[in-house]
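Please open the model in your viewer and keep the sequence panel visible. The tour below proceeds by selection, one region at a time.

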Amino acid sequence: MGAAISNTTELRHSAILGLGVYRPERVVTNEEICQQIDSTDEWIQSRSGIRSRRFAGPDESVLQMAIAAGRKALEAAGLTGEQVGTVIVATSTYPMQTPACSALVAQELGTGGAGAIDVSAGCAGFCYALGLASDLVRAGSEEHVLVIGVERMSDSTEPTDRTVRFIFGDGAGAVVVGRGEETGIGPVVWGSDGAQGRAIRQEPDWVDFATNPTQKRPWIVMEGTAVFRWAAFEMGKIAQQTLDKTGMTVEDIDAFVPHQANARITEVIARSMNLPETVAVSNDIAETGNTSAASIPLAMEEMLRTGKAKPGDTTLLLAFGAGLAYAGQVVKMPVLAG
C-alpha cells in the first residue's frame, strides 16, 4: 500500500475580486433587425423586452472581446496576469475547436502559462465556470482564477429567422475569483435536462455541412414556447434551491441577476419566488439582448454602473439555456473596473 497523499490546505473563502466587460461598438436597433425579419419594434419589445443589442464587428472576435474583458477584470481586482493561475472561458461561439480560447487568452494576458479551460454550457456557461473557479480557490488549488463569458451570437443566428434573430447579441464579461475574508461566492446549484436538448440546438452539424455542398450552414434553432415554459416555471424552483443551499431567503438578498433571456421570463421567475420589491432586478436585456454565456457578467456590470446595485450587495445569480442546462449561486457584488 502506497504512502498517503498529503493535502494540508484547509478550505478557504472565495470571492469575486473584480469585474470587467466588453460591449461591441455597433448598436443594432429593432428597426434594423426588422429590415430582414417579418416583425416590428412593438412586437419584439412586447414579447422579449428587447429594444436593441450589440453586434460585434470584424475586429471584435470572440478572442479579442474575451481578452478585453479579462484585462478590465484584472484592473478592477488590482492584479496582473502573472497572478492568475487558471483561465476559464465560457463560450459556445468560439469558432475553433483547437486550440482552446482560454489558452490564447492566458497567453495574451501574460499569465506565464496558466491552466486553461473552455466551458460549453450554453447560457449557463458563466455560472458553471464561476462554480468551478470558486471551488479551485476554496480548495487551495489556485489563488486567482479568471472567468470569462463571451459570445458572438450574431454569427450563429440566421439573419432572416424571425424566431431567433431579434433575441441574441454579442459581448463579453469577466471576473477574477480569489480568496476572500468571508464567503463571497456561495455553493453552486447546477444541473441539466437533456431530454429537452433539442429545444435549443445547432442544426445541421458541421460535419454534415462540410460533406454536403447543398446543405445549409449550421444555425441556432430554438423552440421558443418550450424554452419559455421550462425556464419560467422551473427556474424559480432552482432559484429557491440555491437560496436554501446558501442558508438564505429572498429577504436576505439585495439584487437578482437572472440570465437575460426574456424580460417576461424574468417577471415570471420573480413572481414565483415572491421576490420583495426591495430587491433590485437586472434588466440589461433591454439594451443588450441575450448574450448567452456573457449575459450574467454584463448584467452585473449594468447594475453596478447605473447604481442599481453596489459592491458588496448580496446577489442571486441564475443562468439557464441550451442543454437544457442551469446553474445558480449567491455572490457578493464585486468592484467594477474604472
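Helices here are DSSP runs of H or I with at least four residues, numbered from the N terminus. The model is a predicted one.

**Stop 1: helix α10**

Select residues 295-306, which form α10. The end C-alpha atoms of α10 are 17 Å apart, in agreement with the 16 Å that its twelve residues should span at 1.5 Å a residue. Now colour the helix by accessibility, with buried meaning under 20% relative accessible area. Ten of the twelve residues of α10 are buried, so the helix is largely enclosed by the rest of the structure. Among them are Ser295, Ile296, Pro297, Glu301 and Glu302. Step past the end of the helix to Gly307, which follows α10 and has a positive phi, near 85°.

**Stop 2: the second largest pocket**

Next, display the second largest pocket, whose volume is about 150 Å³. Its lining comprises 13 residues, and Asp284, Glu287, Thr288, Glu302 and Arg305 lie nearest the centre. By class, eight lining residues are charged, three polar and two nonpolar. At least two residues of the lining come from each of β3 (52-55), α9 (285-288) and α10. Which element gives the most to this lining? The answer is α9, with three residues.

**Stop 3: the annotated active site**

Select Cys123, His259 and Asn290, which an unreviewed UniProt entry annotates as "active site". They are spread over 168 residues of sequence, yet they cluster in space, with a largest C-alpha distance of 8.7 Å.

Centre on Cys123, in the loop between β5 (115-119) and α5 (125-138). Cys123 is buried, at 9% relative accessible area. Beyond its neighbours within four places in sequence, Cys123 has contacts that include His259, Asn290, Ser292 and Phe320.

Move to His259, in the loop between β11 (255-258) and α8 (263-272). His259 also counts as buried, with 1% relative accessibility. With sequence neighbours within four places left aside, the contacts of His259 include Cys123, Asn290, Ser295 and Ile296. Ser295 and Ile296 are among the buried residues of α10, which leads back to the first stop.

**Stop 4: the annotated domain**

Widen the selection to residues 243-332, where the unreviewed UniProt entry places the domain "Beta-ketoacyl-[acyl-carrier-protein] synthase III C-terminal". Over this range the chain is 33% helix and 24% strand, and the end C-alpha atoms are 14 Å apart.

**Stop 5: Arg71**

Finally, select Arg71 in helix α3 (residues 62-77). Is Arg71 buried or partly exposed? At a relative accessible area of 43%, Arg71 is partly exposed. Residues up to four places away in sequence aside, Arg71 touches Glu108 and Leu109. The C-alpha atoms of Arg71 and Gly81 are 8.3 Å apart, with their positions ten residues apart in sequence numbering.

Conventions: Residues numbered from 1 in each chain as written. Predicted model: local features only at pLDDT ≥ 70, side-chain atom pairs only at ≥ 80, totals over all residues. Heavy atoms only, no water. 1 Å grid on protein atoms, 1.4 Å probe; cavity = no way out; pocket = protein on both sides within 12 Å on 5 of 7 lines; lining within 4 Å. Points joined across faces, edges and corners; volume = space filled by probe spheres on them. Nonpolar A, V, L, I, M, F, W, Y, C, P; charged D, E, K, R; others polar. Buried < 20%, exposed > 50% of the residue type's maximum accessible area, 1.4 Å probe, protein only. Contact = heavy atoms within 4.5 Å. Expected span 1.5 Å × (residues − 1). UniProt positions renumbered as here; feature names shortened; annotations may be inferred.
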